[in-house]
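Me: Could you take a close look at the side-chain contacts in this model for me? I would like one connected account that also says how accessible the partners are.

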Amino acid sequence: MGSSRLPGFYKMKMAERLRRLAEQLELSRDELEGLGESATLPLPNADAMIENAVGVLGLPVGIGLNFLINGEDVLVPMAVEEPSVIAAVSLAAKIAREGAGFTADADEPRMIGQVQVTELSNPEMAQAAILREKDLILATANALHPAMKARGGGAKAWKCA
């Protein structure tokens, strides 16, 4: 194989990417045939979804069984190519189930933004001024994305350092 550096690869049409890939890896057209279109995802869609798309890979979808998560029975869909994976996780879930299963939680999704002010003669006074205007700052930020605020998200005070 040559170098993995392929400048401009992302700019190429998919057919050109495949030609370049075949050239780079010394593959025939027949050897690249397996990257073709699947019944569920047309190549143009795959190309629009990810950078450097060269095809679609279909995987079988199975169901992991025996999961008890937070006291609820759950069927877990899994797309894998390894025959024993789903059997193994189903057995592990069956064993975990005997000890009350799995417990899971998640923090509320949150993005963090910061206000940074530099070269101040009195940083404490600047911080106090920002904190005094905290409600106005949050209202201004939320006015930029009212739909996000309406769905329960938006800018919120978190902690100030």
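Reply: Happy to; here is a walk through the salt bridges, the aromatic rings and two backbone angles. This is a predicted model, in which local features need pLDDT of at least 70 and side-chain atom pairs count only at pLDDT 80 or more, while totals for chains, interfaces and linings use all residues. Residues are numbered from 1 along each chain as its sequence is written, and side-chain values use heavy atoms, with hydrogens and water left out.

Let us begin with the charged pairs. A salt bridge here is a side-chain nitrogen of Lys or Arg within 4 Å of a carboxyl oxygen of Asp or Glu, and the count by this rule is six. One of them joins Arg17 to Asp47, with 2.9 Å between the closest N and O atoms. This pair links distant parts of the chain, as Arg17 sits in helix H1 and Asp47 in helix H3 (residues 43-49), 30 residues apart. Helices (H or I, at least four residues) and strands (E, at least two) are DSSP runs, numbered from the N terminus. For accessibility, buried means under 20% relative accessible area, exposed over 50%, and partly exposed in between (1.4 Å probe, protein chains only). Arg17 is buried because its relative accessible area is 3%, whereas Asp47, with 26%, is partly exposed.

Next comes the salt bridge between Arg97 and Asp73, at 2.5 Å from N to O. It too connects distant parts of the chain: Arg97 belongs to helix H4 and Asp73 to strand E2, 24 residues apart. Arg97 has a relative accessible area of 31% and is therefore partly exposed; Asp73 reaches 56%, so it counts as exposed.

A further bridge pairs Lys156 with Glu108, their closest N and O atoms being 3.3 Å apart. Lys156 lies in the segment after helix H7 (146-150) and Glu108 in the loop between H4 and H5, so this contact ties together parts 48 residues apart in sequence. With 44% relative accessible area, Lys156 is partly exposed, while Glu108, with 55%, is exposed. There is also a network of salt bridges that links Glu16, Arg19, Arg20 and Glu23.

Now for the rings. Rings of Phe, Tyr and Trp (its six-membered ring) pair if their centres lie within 6.5 Å; planes under 30 degrees apart count as stacked, over 60 as edge-to-face and the rest as tilted. The count by this rule is one aromatic pair. Phe67 and Phe102 make up that pair, and it is stacked, with 5.8 Å centre to centre and 25° between the planes. Distant parts of the chain meet here: Phe67 is in strand E1 and Phe102 in the loop between helix H4 (85-97) and helix H5 (123-132), 35 residues apart. Phe67 is buried because its relative accessible area is 13%, but Phe102, with 34%, is partly exposed.

Finally, two backbone angles deserve a glance. Glu26 has a phi near 55°, a positive value in a residue other than glycine. Glu26 is found in the loop between helix H1 (14-25) and helix H2 (29-32), and its 70% relative accessibility is why it counts as exposed. Asn70, also not a glycine, has a positive phi of about 55°. Asn70 is placed in the loop between strand E1 (61-69) and strand E2 (72-79), and a relative accessible area of 44% makes Asn70 partly exposed.
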